[in-house]
Amino acid sequence: MKVLVANLGSTSFKYKLFDMPGGEVLARGGMDRIGGDGGSVHEYRLGGGDPVERECDLPDHGAAIDEALARLSGGDGAPLQSVEDLEAVGFKTVHARGITGVVELDEEVLGRMEDFYRLAPAHNPAYVAAVRGFARVVPHAPRVGCFEPAFHGTAPLRRQLYAIPWHWYEEYGIRRYGFHGASHRFAAEKVLELAGTGRLRHVNCHLGGSSSLCAVKDGRSQGASHGLSPQGGVPQNNRIGDLDPWALQVVCDREGISLDEALEVCATEGGLLGLSGASNDMRDIEEKAAAGDRRCALAIDVFTSSIRDYLGAFAVELGGLDAISFTGGIGEHSSLVRAQVLAGLEFLGVELDPARNETVRGEGSLHAEGSRVRLYVLRTDEEWIVARQTFELLTG
């Protein structure tokens, strides 16, 4: 089965074409600056071959979909003879009212995703538009959503609930959902494989533009740092993370803005950007911190302290630790963040090898020889998880 996995952001579109059930990657590509004035670049490669870049004008995600399908079915050497050969499209969908798990994306489900636009403003509008775009150009191919909170459904109810009036939970579904399900699922399976056991107390730190931690016991989620929406938990690139709700009332009163306006600021001007005052990219922040910028150094400290808060809570939840892993762009590439997160945790059995931490690239182990807790950097593959779940749903 030829399964295309679509991974979308508000201005980006990445994809992989899989041959299932074997999982061979036939092609992959990515585009950014969709809808921008400066045009975009489509980077495309067949299998593991060298990338080929093409400049293109992409006013919206519909144009990006047309561009991708043209490349995938574009004559000699293309992995599809025509778009008719595409048998399914899988999406790493984020949030929908009253829906989780893996489902076909019909109009009812899309409507429930639209209901949660305010909770996932950077993701849901782009995904809904893309699903309808694929329905237009490849209507024969089922469109499947693999909703991120599904992996966290195994968490104890006590870790899913807020201390709110009960009917808010029952009637409105206000609870901790957790996100990054595909990445945390991949890490959970990979660490079990690396450890050679089915029993493991493990915390995965998915750190990137969007960041979250997940407590995993024997491959099953026991809780995650994200809450009702992807806006909560640890600070992120430009999202605030956890915040006392009364702070919003103070800002609304002092600045004379509405709650909607305050929430927009929380989702776009907070996080690493708000703290550093310089950038929402950890690479830029680390560079400026090394040059003596105190706010950038403080932004890193706040970020890593929040990660350590959740790491400690999850160590208590799991009754100890056997493994900690790092995924995502920051998790893979920032030795500084990893070192600050793991500093002084010898009492938990964590002993970092500084040399390994500095030299690891993409994947590898970080633990010193005598460390009781295994430490890993993993190159997560969310698209493979989505392709597998899509195939399993459609083949029963």
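**Sheets, helix packing and cysteines in the predicted model**

Strand 13 and strand 14 are paired in the antiparallel sense over two bridges, and within this pairing S365 stands opposite Y376 of strand 14. The model in which this pairing is found is a predicted one. Strands 13 and 14 close one end of the order 11-10-9-12-14-13, which describes an open sheet of six strands with mixed pairing. The edge positions are taken by strand 11, covering 220–224, and by strand 13, covering 364–365, each of which pairs on one side only.

Further into this sheet, strand 12 pairs with strand 14 in the parallel sense over four bridges, with I324 standing opposite L375 of strand 14. Strand 12, which spans residues 323–327, also pairs in the parallel sense with strand 9, residues 201–206, and this pairing extends over five bridges. The residue I324 takes part here as well, being the bridge partner of V203. In general, the strands of a sheet pair through backbone hydrogen bonds, in either the parallel or the antiparallel sense.

Two helices lie across the six-stranded sheet. Helix 5, formed by residues 181–195, lies across strand 9, strand 10 (212–217), strand 12 and strand 14 (374–377), and its direction makes about 135 degrees with that of strand 9. Helix 10, formed by residues 294–318, lies across strand 9, strand 10, strand 11 and strand 12, and runs at about 15 degrees to strand 10.

Helix 10 additionally packs against helix 12, residues 335–342, at an angle of about 50 degrees and with the axes 9 Å apart. The two helices are therefore oblique to each other, and their crossing is right-handed. On the side of helix 10 the contact involves I300, D301, F303, T304, I307, R308 and L311, which meet L336, V337, Q340, V341 and L342 of helix 12.

F303 of helix 10 is also among the residues touched by S211, a serine found in the loop between strand 9 and strand 10. With a relative accessibility of 0%, S211 counts as buried. When residues up to four places away in sequence are not counted, the contacts of S211 comprise H180, H206, H226, V234, P235, Q236 and F303.

A second open sheet, again with mixed pairing, contains eight strands in the order 5-4-3-2-1-6-8-7. Its edges are formed by strand 5 (52–56) and strand 7 (102–104), each pairing on one side only, and the twist from one strand to the next averages 20 degrees. Strand 3, residues 24–31, and strand 4, residues 40–46, run antiparallel and are joined by five bridges, with H42 of strand 4 as the bridge partner of M31.

The eight-stranded sheet is likewise in contact with helices. Helix 3 lies across strand 1 (2–8), strand 2 (13–19), strand 6 (88–91) and strand 8 (143–146), running at about 150 degrees to strand 1. Helix 14, made up of residues 382–395, packs on the sheet and touches strand 1, strand 2, strand 6, strand 7 and strand 8, while its direction makes about 130 degrees with that of strand 1.

Helix 3, residues 124–137, also packs against helix 2, residues 107–115, where the axes come within 9 Å and cross at roughly 160 degrees. That angle makes helix 2 roughly antiparallel to helix 3, and the crossing is left-handed. The contact is made by E107, L110, M113 and E114 of helix 2 together with N124, Y127, V128, V131 and R132 of helix 3.

Finally, a search of the whole structure finds zero disulfides. For C146, the closest cysteine sulfur belongs to C214 and lies 17 Å away, which is too far for a bond, given that a disulfide requires the two sulfur atoms to be within 2.5 Å. C146 is buried, with a relative accessible area of 4%. For C252, the closest cysteine sulfur is that of C266, at 8.8 Å, and this separation is likewise too far for a bond. C252 also counts as buried, at 11% relative accessibility.

Key:
Residues numbered from 1 in each chain as written. Predicted model: local features only at pLDDT ≥ 70, side-chain atom pairs only at ≥ 80, totals over all residues. Heavy atoms only, no water. Pairing = 2+ DSSP bridges. Contact = heavy atoms within 4.5 Å. Axes fitted to C-alpha atoms, helices over the stretch in contact; angles between N-to-C directions. Buried < 20%, exposed > 50% of the residue type's maximum accessible area, 1.4 Å probe, protein only. Parallel < 35°, antiparallel > 145°, perpendicular 65-115°, else oblique. Left-handed = near helix turned anticlockwise from the far one by under 90°.
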